[in-house]
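Q: Hi! I'm new to this one, could you walk me through it?

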Amino acid sequence: MKLIKPFVFAVVWLLAAAVSVNPAVAQLRIRGYAEPAYSVRYGDAGPIDDRNTLNETRIMLENQWYGGQGEVLDLRFLAKPAAAGAEVEDEFEVRQASVLYPATRDLDVIAGRQAIDWGPAQYEFVNDHFPKDYRSFFLGRDLEYMRAPADALRLRWFSDYGNLDLIAMPEFEPNRNPEGEVIPVHFDGELLDQEEVLEKTGDKPPRRLPSSSPEDGEVHARWSENYGRWEVALYGYRGFMGNPAGFNADGTDNFVYHPEMASGGASLRGPFMGGIAWLETSFDDIRHDEAGESEGLPSDVYNLLVGYEFDHTPTVTYMFQVHWLHNYDSKGLREDIDEENHPYEKRNRYRLQLATERSYMSDRLTLRARGFAGLQVQDWHLRLEADYEWSDNIRVYAGSLHYDADNEASRFGALQDHDAFYSRLRYSF
Amino acid sequence: MRKFVYAAMFLILAMGLVYPLAAEQPDPEELAYESYETAYFQGDDVRWRASMEIVDDQDRTRSRVLTILRKNVGEESQKYYAYFHEPSQLERMVFLVWTAAGMEDDDRWLYMPATDMQQRISGRQKRNSFAGTDFTYEDMTGRHPDQDEFEYLGTDEVDERPVYVIKGEPRDPDLVEFSYYEMYIDQETKLPLKGEFYDPQEELHRTLRLPEFEEIDGYYTPTLQVAENHSTGSKTTAEMSNIEYNLGIGEDIFAERYLRRPPTQWIDP
């Protein structure tokens with residue numbers, strides 16, 4: 001079963017070899033950027049003495065080769081050299097190593113490492129079950145890092161009956177969540193760093209991943225078609241929850257895991273009253289818990305989301321979005337976890353998101369504000385950012401992140417002492 | 001009686017003189033349509049490369065280099081595909097626009113390579129800055145004449161070329177930032193050589209100029225355009241090159257499929 005990854009690599013290299021490079025469009029010119037970033041946490045520093053949560057330089061190197069028949073070889077590498085004296089090691093990540101091959105006039109095959117997303121919702125993931133990097137999101141990195149890459153084989157079929165996307169991920173890729181490595185998290189009523197969380201959970205692994213066999217892979221599907229000026233899409237998913245929401249409760253081996261999940265949904269997006277409106281819905285079926293009786297499993301969830309974005313003036317944009325989550329049953333969690341403190345016990349949850357963007361100086365300076373609020377669990381998160389295009393190569397970002405919650409176990413509660421200012425300077429080349 | 005006859009003859013003569021003059025005065029709406037067609041609708045399709053330089057009020061410069069594909073679809077609909085080559089932070093960015101006469105808002109999609117995300121964006125505001133330049137979306141795709149009421153103001157000269165001058169007032173002032181504009185239309189080619197936009201206080205706040213044009217493949221085509229924002233002191237100069245008409249660009253490339261993957265038969269990425 002371990003052969004699946006070499007198989008994907010073989011497909012990628014076979015496709016890459018098939019790229020008939022057109023000299024007119026082939027070029028070896030490395031592009032990318034270097035981005036030093038720095039942030040200061042001004043809330044309770046907790047157990048982590050260093051208040052700098054983001055003290056790094058990210059270097060992105062990328063290139064694309066275009067073949068004569070529409071093939072694209074896309075490579076993006078991210079390097080994060082460790083700062084002098086830092087305890088962490090150099091980091092290197094392949095963000096993209098994929099080949100797009102137009103197999104027929106109507107079919108594109110994209111194989112390799114790639115970051116994928118879909119669905120009209122903004123920063124709420126109703127039918128988008130691709131891996132997310134919440135660590136980067138909560139640290140104040142560029143939002144491009146929110147989408148975590150994964151190895152995948154993607155087929156895109158374009159026809160008169162709509163466009164069909166089929167994606168197979170041979171190995172499950174979990175979400176990347178803050179676990180106390182740079183952001184202290186609330187755990188069991190205390191503010192702890194990662195080591196202390198591990199101590200609390202004992203020597204046993206705190207989280208178990210699905211195996212790397214193909215049966216434990218993921219399949220994503222999307223069909224979309226335009227009706228008039230409205231785009232209609234249907235979605236399907238078979239895999240695992242991105243977050244480790246399952247809790248093993250046999251009493252001898254305590255660990256969290258990613259429960260099996262299947263999901264189906266639909267979305268609608270199009271022009272409405274001068275702006276863009278969207279509606280998205282899905283049903284997340286947590287497998288092996290059809291009666292809602294299994295202990296340690298979260299409930300099945302029905303999602304309904306509506307959003308609207310419009311330009312108030314040529315330089316001012318507003319967006320609002322409401323996400324309703326309805327839990328079908330939560331027996332397992334009701335019995336396992338303190339009912340009063342756990343937000344999953346709410347049968348209905350409402351998440352509100354408001355955003356505005358204002359540009360000045362012919363779009364040279366952009367100010368953004370985006371607020372997230374959980375109406376039932378009383379938590380919120382506010383992101384403020386100024387983005388200034390200094391020159392053709394240099395862009396400067398400065399912003400702040402704010403969190404508050406009534407309940408430490410809520411979505412933003414674990415981060416409520418992580419209010420921070422950040423700045424980034426991106427030099428593109 | 002004789003006085004009456006003389007008066008009647010004088011009146012008839014005067015009317016005879018005045019009428020031919022009045023008949024020669026061009027219809028401003030017709031001029032606006034002719035100018036719109038000449039500037040934005042020539043050929044079945046066209047490809048050009050635009051090199052833009054933006055200079056702000058402190059003489060700081062930024063650049064934008066892009067290839068634009070335009071295809072006419074039917075009588076009054078068009079599709080645009082704009083691929084950015086420079087600056088490096090915008091390289092591979094793509095704008096896709098479907099626009100049609102009589103529609104209040106365009107259909108627009110944007111692909112941002114930095115975030116590798118493609119999204120549908122609002123198309124109601126046609127007066128926002130195009131990619132941080134002093135041109136608006138509407139400058140790129142044209143302002144349809146049925147959105148304005150026109151008045152003929154007379155003749156003048158721009159860059160030593162005789163022009164007609166017409167005044168356009170928006171039928172729906174809430175959709176635009178100007179209260180009216182004056183357009184200077186070349187008498188020979190019908191290209192709009194200059195447009196002056198006035199704000200609600202009747203102050204000149206934007207000027208569009210077309211200082212250079214050439215006849216390419218039988219079509220009069222702008223090769224240099226300048227947009228000045230008098231409120232901010234910023235100015236954008238756009239040089240057009242590699243202009244080719246009627247290449248046979250297929251309508252299928254103006255679709256989401258080609259946002260991430262530029263059509264290399266038409267665009268050299």
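A: Happy to; here is a short tour of the interface, the cores and some charged pairs.

A: This is a predicted model, where local features need pLDDT of at least 70 and side-chain atom pairs count only at pLDDT 80 or more, while totals for chains, interfaces and linings use all residues. Residues are numbered from 1 along each chain as its sequence is written, chains are lettered from A and ligands numbered from 1 in the order in which they are written, and side-chain values use heavy atoms, with hydrogens and water left out.

Q: Cool. How many residues does each chain bring to the contact?

A: Chain A gives 54 residues and chain B gives 41 residues. Contact here means heavy atoms within 4.5 Å.

Q: And how much area do chain A and chain B bury between them?

A: About 4100 Å², with 38% of it on carbon and sulfur atoms. Buried area is the accessible area (1.4 Å probe) that two parts lose on being put together, summed over both. On the chain A side, Arg229(A), Ser362(A) and Asp392(A) lose the most area to chain B, together 16% of what that side buries.

Q: How many salt bridges cross that interface?

A: The rule finds eight between chain A and chain B; a salt bridge is a side-chain nitrogen of Lys or Arg within 4 Å of a carboxyl oxygen of Asp or Glu. One of them joins Arg31(A) and Glu91(B), at 3.0 Å from N to O. Over all chains, the count comes to 48 salt bridges.

Q: Switching topic, what is in the largest nonpolar core?

A: That core has 42 residues, and those with the most contacts inside it include Trp48(B), Phe95(B) and Phe130(B). A nonpolar core is a set of buried Ala, Val, Leu, Ile, Met, Phe, Trp, Tyr and Cys residues joined through side-chain atoms within 4.5 Å. Buried means under 20% relative accessible area, exposed over 50%, and partly exposed in between (1.4 Å probe, protein chains only). A second, separate core of 18 residues includes Tyr66(A), Val72(A), Tyr111(B) and Ile249(B).

Q: What does chain B look like in helices and strands?

A: Chain B has three helices and 13 strands. Helices (H or I, at least four residues) and strands (E, at least two) are DSSP runs, numbered from the N terminus. Of the 269 residues in chain B, 55% are buried.

Q: Where does Arg143(B) sit?

A: Arg143(B) is in the loop between helix H3 (137-141) and strand S7 (148-158) of chain B.

Q: Is Arg143(B) buried or exposed?

A: Arg143(B) counts as buried because its relative accessible area is 14%. Its side chain makes polar contacts with the side chains of Glu138(B) at 3.0 Å and Asp148(B) at 2.8 Å. A polar contact is a pair of N or O atoms within 3.5 Å; within protein, one must be able to donate a hydrogen and the other to accept it, and residues adjacent in sequence count only if both atoms are side-chain atoms.

Q: Which residue does Lys79(B) meet in a salt bridge?

A: Lys79(B) pairs with Glu251(B), at 2.7 Å from N to O. The pair links distant parts of the chain, 172 residues apart: Lys79(B) is in strand S3 (residues 77-86) of chain B and Glu251(B) in the segment after strand S13 (234-245). Lys79(B) is buried at 12% relative accessible area, while Glu251(B) is partly exposed at 37%.
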